[in-house]
Amino acid sequence: MSIRFNHAIIAAIDRQASASFFACVFGLPEPVSWGPFTSVTLEEGVHLQFAEPAVAEIQMQHYAFLVEDDTFDQIYGRLQSGGFDHWADPQRALPGQINTHHGGRGVYFTDPAGHGLEIITRPYGGVS
């Protein structure tokens, strides 16, 4: 049997707000809620399931997504038109910019829970 990634549970302050932000920025179908999760579906049936854990503080995680050039343009356009803060670097020293590392383009931004999101058009170091 092959190994395929199926889902990840992402901690959120407000699961609906985080899932809706993600679906909006990435241009995906509206999230679906069931049980303690609000889910966004990616290609190949991968689900990002947002949940509200009983913790005082959400620990920031980093999620990077490899996208096609035209998809990058669409997502970046939504970030700009939505007035969302974004940076060319994970240190947030280059606000309002994108990077051109590894022969592609990339940008960093955060979701409502403070998780770091990244979109890139070329994998780092030639790893696909």
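## Briefing: an exposed glutamate and a nonpolar core

Let's start at the surface: Glu44 counts as exposed, because its relative accessibility is 68% and the cut-off for exposed is over 50%. Keep in mind that this is a predicted model. The protein has two helices and seven strands, and 38% of its 128 residues count as buried.

**Two loop residues to look at**

- Glu44 lies in the loop between strand E3 (37-41) and E4.
- Its backbone has a positive phi of about 60°, although Glu44 is not a glycine.
- Glu44 and Phe21 are 23 residues apart in sequence, and their C-alpha atoms are 21 Å apart in space.
- His102 also turns up in a loop, this one between H2 and E6.
- Phi of His102 is near 60°, so here too you have a positive value in a residue other than glycine.
- With a relative accessible area of 46%, His102 is partly exposed, because that class runs between 20% and 50%.

**Overall build**

- Reading from the N terminus, the elements go β-α-β-β-β-β-α-β-β.
- The radius of gyration is 15 Å and the globule rule gives 14 Å for 128 residues, so the protein is as compact as a globular protein of that length.
- The C-alpha trace spans about 40 × 40 × 25 Å along its principal axes.
- If you take the contacts with a separation of 6 or more, 50% of them come from residues 24 or more positions apart.

**The core**

- The largest nonpolar core holds 22 residues, and those touching the most other members are Phe22, Phe26, Phe65, Phe109, Leu117 and Ile119.
- Two or more core residues come from each of strand E1 (7-11), helix H1 (15-26), strand E4 (47-51), strand E5 (62-66), helix H2 (69-81), strand E6 (106-110) and strand E7 (116-120).
- H1 is the top contributor to this core, giving six residues.
- Leaving aside residues up to four places away in sequence, Leu117 touches Phe21, Phe22, Phe26, Tyr63, Phe65, Val107, Tyr108, Phe109 and Asp111.
- As background, nonpolar side chains tend to be buried together in soluble globular proteins.

**Surface and charge**

- About 7,600 Å² of the protein is exposed, and carbon and sulfur atoms supply 55% of that area.
- There are 6 positive and 14 negative charges, and the mean positions of the two sets are 3 Å apart.

Terms used. Residues are numbered from 1 along each chain as its sequence is written. This is a predicted model: local features need pLDDT of at least 70, side-chain atom pairs count only at pLDDT 80 or more; totals for chains, interfaces and linings use all residues. Side-chain values use heavy atoms; hydrogens and water are left out. A nonpolar core is a set of buried Ala, Val, Leu, Ile, Met, Phe, Trp, Tyr and Cys residues joined through side-chain atoms within 4.5 Å. Buried means under 20% relative accessible area, exposed over 50%, partly exposed in between (1.4 Å probe, protein chains only). Helices (H or I, at least four residues) and strands (E, at least two) are DSSP runs, numbered from the N terminus. Contact means heavy atoms within 4.5 Å. The radius of gyration is taken over C-alpha atoms; the globule rule is 2.2 Å times the number of residues to the power 0.38. Accessible areas come from the Shrake-Rupley method with a 1.4 Å probe; for residues, only the protein chains shown count as cover. Lys and Arg count as positive and Asp and Glu as negative; His and the chain ends are not counted. The place of a charge is taken as NZ of Lys, CZ of Arg, CG of Asp or CD of Glu.
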